[in-house]
Amino acid sequence: MQEWASQLCENRQFGSKMTDSKYFTTTKKGEIFELKAELNSDKKEKKKEAVKKVIASMTVGKDVSALFPDVVNCMQTDNLELKKLVYLYLMNYAKSQPDMAIMAVNTFVKDCEDPNPLIRALAVRTMGCIRVDKITEYLCEPLRKCLKDEDPYVRKTAAVCVAKLHDINAQLVEDQGFLDTLKDLISDSNPMVVANAVAALSEIAESHPNSNLLDLNPQTINKLLTALNECTEWGQIFILDCLANYTPRDDRESQSICERVTPRLSHANSAVVLSAVKVLMKFMEMLPKDLDYYGTLLKKLAPPLVTLLSAEPELQYVALRNINLIVQRRPEILKHEMKVFFVKYNDPIYVKLEKLDIMIRLASQANIAQVLAELKEYATEVDVDFVRKAVRAIGRCAIKVEQSAERCVSTLLDLIQTKVNYVVQEAIVVIKDIFRKYPNKYESVIATLCENLDSLDEPEARAAMIWIVGEYAERIDNADELLESFLEGFHDESTQVQLQLLTAIVKLFLKKPTETQELVQQVLSLATQDSDNPDLRDRGYIYWRLLSTDPVAAKEVVLAEKPLISEETDLIEPTLLEELICHIGTLASVYHKPPSAFVEGSRGVQHKRLPGSAGSGESVESPDTGSAAGVPDAPPAVIPSQGDLLGDLLNLDLTPPATSGPPPPATSGLQLGAMDLLGGGLDSLMGDESEPPPIPLRTDTPQSPQIPHHSPSPTDYSPTELGGDLGGGSAMGAGFGAPPAATAAPFSAPVSGGLDDLFDLGGGVGMPMGAYSPPKTVWLPAMKGKGLEISGTFARRGGVIQMEMTLTNKAMSVMTDFAIQFNRNSFGLAPAGPLQVLTPLSPNQSIEVSLPLSTVGPVMKMDPLNNLQVAVKNNIDVFYFSCQYPISMLFVEDGKMERQVFLATWKDIPNDNEAQFQIKDCHLSSDAASSKLQGSNIFTIAKRTVDGQDMLYQSVKLSNGIWVLAELRVQTGNPIFTVCLKCRAPEVSQCVFQSYEAVLKN
């Protein structure tokens, strides 16, 4: 009888499955109309069948939203199956039909008071899934009742609903007091309710990191630990993750929590095990290492981790990635479990590679024999990637365990003898590292390595072999021939090989100078003349200058003793490792990246630290402190336009500097005048891609080469200059041709043409008058400055630029606490001290202020070039304005160029860089003009008269090292002057002309 009954039941179930499948096969036309009729049928079975058809259509992607009101009418039923189907439909279409969804609110309210707890829970779960703002406020009352329901199943469902509702409308949840109710649920008698409350609070806390919702204290922790034993596995994970965020008060509390969490290590679910390991790893930080329990805990952690490796390959991989982190932090946990990580023949490649990594981390003197035997076997496998990693692993073992180095080298030599190409190449790469770790110990194997030179085709292996040849050139008789063979296809090599070859040949030259002069000349020529790679060219020029100026220094630099390489070069950085340990069992521990690296936006991303390392005394600086100190910032990706008015002034720190005084010495890279006469201060700023040609101007130190701030282009060097003379009195260096950009050709030959006799005709130039200073103008009107009016000008006195301002208070209140800050600008102008307003500024009072300026501030090209954006702060507000300074303020006192240098420079600057302007209504003689200009540091070098026209040749040097050369033509009786300007940075010419005009006409 029982057998018959069970068989009948099975048949009914089978029949049910058969009948349900039919709902997915109908493709009739006019189906919506038929379904509408069936949904409004009086018969319950017909109604249920219709809803099933609607859900089936919805599942396969048909649009059945037109039936929304008819389906919602079916909610009024006692049948649980039908109610579930209607709720499923409702969740799917509520967002597209929010007005219709309001119709369902009454049913939710009614269902939340149903005597059946399953229906109450179903109603509250569906409420949480309907993400429609319009109806959320209607759901608050039903939710409040369900949170205090007598049935724990309803309470646990309601707890999760609060988190969903918070995601839709956080303010509503806080106003309704649901968060406090959630906190109360942590004390619930049912462990599943506790777990869901913790899960909901954790979810909300992640989206609001500063809310401190989970206010964990010893009492709360005790409740969580009590609930931990009776929860489902997911509930246990939520609670364990919450525990991991708690910091115990002392080692006793830490031990107590560890003791109560340890039983979770034997759980069948791997996620629970990893969450328990995370908690224990974190709390172990607080346990003294001499404590007996500490050793016991280490022993207890090993078996569950080993057990995880008997799962499916995918789970094994996740476990191995987590074990990799654990081993880096505490290798002692698994130091006796090496065999577990030996590779099995049927392991997928991703598991094999991960096991190999952990084997190396666990390798020690005690187990190295076992490990090497395994690795040698792996090196004969068929999987190329695995074999490569195995060979590298042998090298890493040699570096890590010194006692095994000899055996490892011997093993590598055996592998090289197999002549398998990729094995040989990997072996050479790791032997290079072994040489770095143990210099002068295993060089006897070099001969064997050299035999395999022709078979190397991978860049890393070729670079490693070149390094070995260069490093041990004195022990290899034919080192020059070997390196020359690489040089033949220099331009076809990868950058890595080219750089290594350049260095190796320079090393060889320093060790055997007489035999390798042509070789080093050839490689330097290839690297500097024929290469487009800036790294290679720069290194080539540096070596060239070193060799041409100071061979002894070159030897000290290139052949310096190298530091030994560290044992573990691939260890994760300690602070990152700490953060990843706090994320064991999550995606971060598989990626080995912090969540912030792959979670979009800032939501849910919190940086975690282990308790023992927290509070390490690292100071957190305000991002503004850099600019306040006057340290040049990196140029921004987008330069603010003039329309933007004050770009990033809003980010500036307006606190006055602590000390006042003269401008600091010019130490920034902007002050290049002493290094390169016409060089570039603004070259890069202006975006000028063309490289200046050689500058034969340094008459003071003709043969001392300088490395310019830019990389000279290959055209800067002629073939003969590149060749040089590598012979000479001494073995090297004495006759080594310096790169022409670094030389100073003397002007011994007479120069003929246009300007020949100009410098013999220097006419008298009058005594200089005072420097020109423009009249004050209003920079900040009182309307914009809330009553503060600022008018000002700029002046240069005694070599210091002064910003002279008149501050007028046109408001009704006293003004105090003045400070000033500049935005980045074209010439690095910055306040050299605080704004000195020593007494409060009363209403209707004016005060004169003089602010010294330096030119070592941050640089950013402005439009126009002499635009200055300023922020002034007082007790009322921060005010922004922009003004333009005359560029003559930047003309320095040592701007008079030598005559011969002027001649050569004028010819050297391309004609394209020449600009011509006219100054009208100027009634001055040439001597008066010269005298006036000299007062503003525009120096006349020579004067000559041609056909009644005086021609003044002048030079100007800007504070950032840019030189401007000028020819001023003055015709007696003609009020129109012509000025012709030549400069390497032609963008400044317009501003310089404006200064000429202002000085001469005022």
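**Exercise 1.** Which residue in β13 is the bridge partner of arginine 969? Find it, then work out the sheet around it.

*Solution.* Before we start: this is a predicted model, where local features need pLDDT of at least 70, side-chain atom pairs count only at pLDDT 80 or more, and totals for chains, interfaces and linings use all residues. Residues are numbered from 1 along each chain as its sequence is written, and side-chain values use heavy atoms, with hydrogens and water left out.

Step 1. Look in β13 and you'll find threonine 978 as the bridge partner of arginine 969. Strands here are DSSP runs of E with at least two residues, helices are runs of H or I with at least four residues, and both are numbered from the N terminus.

Step 2. Now take the strands themselves: β12 (residues 963-971) and β13 (residues 977-983) pair in the antiparallel sense over six bridges. Two strands pair if DSSP finds at least two bridges between them.

Step 3. Zoom out to the open sheet of five strands, with the order β9-β13-β12-β11-β10 and antiparallel pairing. Its edge strands are β9 (914-919) and β10 (939-946), each pairing on one side only. From one strand to the next, the twist averages 20 degrees.

**Exercise 2.** Which strands does helix α37 touch as it packs on the sheet? Do the same for helix α39.

*Solution.* Step 1. Helix α37 (residues 899-908) touches β10, β11 (949-957), β12 and β13, and its direction makes about 95 degrees with that of β12. Contact means heavy atoms within 4.5 Å; axes are lines fitted to C-alpha atoms, for helices over the stretch in contact, and angles run from 0 to 180 degrees between N-to-C directions.

Step 2. Helix α39 (residues 989-1001) packs on the sheet too, touching β9, β11, β12 and β13. The direction of α39 makes about 25 degrees with that of β9.

Step 3. Check what is tucked away in α37: its buried residues are Val901, Phe902, Leu903, Ala904, Thr905 and Trp906. Buried means under 20% relative accessible area, exposed over 50%, and partly exposed in between, using a 1.4 Å probe and protein chains only. The cover over those α37 residues includes β10, β11, β12 and β13.

**Exercise 3.** How many residues of strand β7 are buried? Then list the pairings of β7 with β4 and β8.

*Solution.* Step 1. Six of the seven residues of β7 (residues 867-873) are buried, so to speak "mostly covered".

Step 2. Strand β4 (residues 819-822) pairs with β7 in the antiparallel sense over four bridges. Glutamine 821 has alanine 871 in β7 as its bridge partner.

Step 3. With strand β8 (residues 878-884), β7 pairs in the antiparallel sense over seven bridges. Asparagine 867 is bridged to glutamine 884 in β8. β7 and β8 form a hairpin, with four residues between them.

**Exercise 4.** What is the angle at which helices α3 and α5 pack? Describe their contact.

*Solution.* Step 1. Helix α3 (residues 44-59) and helix α5 (residues 80-93) pack at an angle of about 35 degrees, and their axes are 10 Å apart.

Step 2. Look for the residues that meet: among them are Val51, Ile55 and Met58 in α3, and Leu82, Leu85 and Tyr89 in α5.

Step 3. Sort the contact by class, and you get 10 nonpolar, one polar and three charged residues. Here Ala, Val, Leu, Ile, Met, Phe, Trp, Tyr, Cys and Pro count as nonpolar, Asp, Glu, Lys and Arg as charged, and the others, Gly among them, as polar.

**Exercise 5.** Is lysine 593 buried or partly exposed? Place it in the chain as well.

*Solution.* Step 1. Lysine 593 counts as partly exposed because its relative accessibility is 45%.

Step 2. Find lysine 593 in the loop between α34 (587-591) and α35 (625-628).

Step 3. Not counting residues up to four places away in sequence, lysine 593 touches Leu580, Ala588 and Phe598. Its C-alpha atom is separated by 8.0 Å from that of leucine 576, 17 residues apart along the chain.

**Exercise 6.** How many helices and strands are in the chain?

*Solution.* Count them up and you get 39 helices and 13 strands. Of the 1002 residues of the chain, 51% count as buried.
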